[in-house]
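Please look through the sequence and the structure shown here, and then follow the explanation below at your own pace.

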Number of protein chains: 2
Amino acid sequence: MTLTPPNSKKPATLDHVAALAGVSAKTVSRVVNRDSNVSAKTRERIERALRETGYRVNQAARSLATSRSYLIGAFMPHLSSFYFAEIFRGAAKACRQYGYHLVLEEFDHGAESVVDRYEQGLRGAHCDALILTPPTCDDEKLLDALDRDGMRYVRIAPSKQIDRSTALGADDRQGVEELVQHLWATGRRSFAMIAGPEDHLAATIRERTFFQTLAELGCDATRLSIVRPEWNEPIADAGREATLRLFRDLQQKPDAIFAFNDELAIGAMAGVRELGLSIPDDVAIAGFDDSYVAQLVWPPLTTIHQPIADLAFRAVGIIAGSAEPRGSDVWLPTNLVVRGTA
Amino acid sequence: MTLTPPNSKKPATLDHVAALAGVSAKTVSRVVNRDSNVSAKTRERIERALRETGYRVNQAARSLATSRSYLIGAFMPHLSSFYFAEIFRGAAKACRQYGYHLVLEEFDHGAESVVDRYEQGLRGAHCDALILTPPTCDDEKLLDALDRDGMRYVRIAPSKQIDRSTALGADDRQGVEELVQHLWATGRRSFAMIAGPEDHLAATIRERTFFQTLAELGCDATRLSIVRPEWNEPIADAGREATLRLFRDLQQKPDAIFAFNDELAIGAMAGVRELGLSIPDDVAIAGFDDSYVAQLVWPPLTTIHQPIADLAFRAVGIIAGSAEPRGSDVWLPTNLVVRGTA
DNA sequence: CTGAAAGCGCTTACAG
DNA sequence: CTGAAAGCGCTTACAG
């Protein structure tokens, strides 16, 4: 066996370390992988050799032997979303903790199909599993492709076929109820909602909870309205336009607006200001997500906090822990964060 | 040679395809890798077999044989930065184009050392190269560690040892000059700057250009001031506090504020409003970066556009093209974007 | 234009 | 507790 001299550029292999420690590669492997079946004396000798050689496992070799890559993939829909920034932050943090690495694949929802992006892109990275978020988590063709490849995946906030995989999400009802109570208690009586995407389960739940809770409070049905924004980028513009439309079309102008997410709410703020109205005196505005921008705008946005990063963190945990598909589903609470707009 | 039946769960290998096409694995490899030295007839036969088996290269095996992973790594400092969102967007887009994949490593600047995050984290991903941004691109210990490992890297907007690696950046002067001209032309005469980090080359250049251009325009030196924010999170708060301090301490109140970046500028907007002043009538405010939030706030922020995503895109291109370290450095222009705050 | 052999650096399954 | 052998699925370097 020819071994590269220790100060050569080539990184040390198990064989190098084994030769130096006077044992077999397999025993070094045991130490590296924290297998307990190694005598204290041998272990010590190997650990010294490991240090001296600066040994690092070669992931490619390990992956080839074990067919695991320790890579977790995710699609990155567009930069303009604070929701995804949070998802990635939580996932990256968990990856770090569980010894995985996060691979991000750009994906332009609307311009191309996720299946193509998977087959021509992410699949090549050979991840151990994927984390899927809306709207890709509800793309049946993608799920079919993943199932066909035997690719594992965990879905966050899915709307369809909830039982098809491990799924995590938040209990949106709770936060929306708190919001309604707060608006009502502060004297608001005319309400409008800027809706989310129609096929989005969470959006439906937020709408239903909003109007139902108001009805239970005895709110006059003629003082309730909903507007569906055009989903153009930037989302904030969509919120602004929807708000303008709202005030133009309604007889009974709202004194409180609840938007499907923070970006729409921020757009609503701009729209309300354009109409010469003040926030929150004339109109209260609330968003959903409690994303970073909520604290950035003025007045700071009142919104419903959703544990986005935490959901992503747990998704990685499930993957790392090889938890059973199903049975490990997680639903986390949401809560109202009162700031300056409502 | 025992071959798994075609409809087994195990993915096809070069050997399977070779057997089906009646050629050697090496020839299949040639077709897969687009080597031209294959007869048309053979190629066709192999391509059919490739399709029939649904063959996909095994990255782990390829990596082991070539010692390339087609992975590009980057540190992800914190979610609150739109600068990084843009970096990742540009990098992900380029990775997709060049057949690479982007690996993100969480890194909490301030709470830990990058070297540790590299050695305990990113190094394990065995990337072919790293993309480094401020402030990690100026961490000499990290660069030493990377050089020691023979890990390639490209730096975006470095401040120190510029010649140490391939470096990309923007010409900040241009945009700042345009801004000053604009402010002066619209009648502003008292200026304040909310400074960036002290050891940041780009920050220094923005400051110097700002004050120098104003001096050349004949601006009264007593009407020029600078304030250094405390770098607390969220950055917007730091901008707000700095602005409040500015107005409290200065005899000559500014009628124009230029902030090192958009987030500080947005904080300045909040500060100015708290003082009962209007934007842009009483005080003009401008940022730097032209990040997504610039369009989100009200009024939309006047700012200097920097091609962040483009820099990251080119960084990946350099890595993929194996361009020479040095000689391939890129400097892109910046320009003023006038919106509602100045 | 095509292929047989060796090797990349690990782990798995077996022995002892 | 320890090790020799085979194999993971590619590519490189040589032959022909």
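Which residue does His305(A) stand opposite in strand 12 of chain A? That residue is Asn335(A), and the pair is a convenient place to enter this model, which is a predicted one. Strand 10 of chain A, residues 302-305, pairs with strand 12 of chain A, residues 335-337, in the antiparallel sense and over three bridges. Strand 10 of chain A is also joined by four bridges to strand 9 of chain A, which spans residues 284-289, and these two strands run parallel. His305(A) appears in this second pairing as well, since Asp289(A) stands opposite His305(A) in strand 10 of chain A.

From strands paired inside one chain we can turn to strands paired across two chains. Strand 2 of chain A, residues 101-106, runs antiparallel to strand 2 of chain B, and three bridges join them. Within this pairing, the bridge partner of Val103(A) is Val103(B) in strand 2 of chain B.

The contact between the chains takes 42 residues from chain A and 42 residues from chain B. On the side of chain B that touches chain A, at least two residues each are supplied by helix 4 (59-66), helix 5 (82-98), strand 2 (101-106) and helix 11 (262-274) of chain B. Helix 5 of chain B gives the most to this side, with seven residues. By residue class, the side of chain B that touches chain A divides into 22 nonpolar, ten polar and ten charged residues.

How the two copies are arranged can be stated through their superposition: a turn of 180° with a shift of 0.1 Å along the axis lays chain B on chain A with an RMSD of 0.1 Å. That is the relation of a two-fold axis. The same surface serves both copies, in that 100% of the contact residues of chain B recur in chain A.

The last region to consider is the protein surface near DNA strand C. Of the 24 residues around DNA strand C, those that come nearest are Leu14(A), Ala61(A) and Ala65(A), together with Ser24(B) and Thr42(B). Helix 2 (25-32) and helix 4 (59-66) of chain A, as well as helix 2 (25-32) and helix 4 of chain B, each supply at least two residues of this surface. Helix 4 of chain A gives the most, with five residues, whereas helix 4 of chain B is also among the elements that supply residues of the side of chain B touching chain A. The residues of the surface near DNA strand C divide into eleven nonpolar, ten polar and three charged.

How values were computed:
Residues are numbered from 1 along each chain as its sequence is written. Chains are lettered from A and ligands numbered from 1 in the order in which they are written. This is a predicted model: local features need pLDDT of at least 70, side-chain atom pairs count only at pLDDT 80 or more; totals for chains, interfaces and linings use all residues. Two residues are in contact if their C-beta atoms, placed from the backbone, lie within 7 Å. Ala, Val, Leu, Ile, Met, Phe, Trp, Tyr, Cys and Pro count as nonpolar, Asp, Glu, Lys and Arg as charged, and the others, Gly among them, as polar. Two strands pair if DSSP finds at least two bridges between them. Copies are superposed by least squares on the C-alpha atoms of residues with pLDDT of at least 70 in both. A residue is near a molecule or strand if its C-beta atom, placed from the backbone, lies within 6 Å of it.
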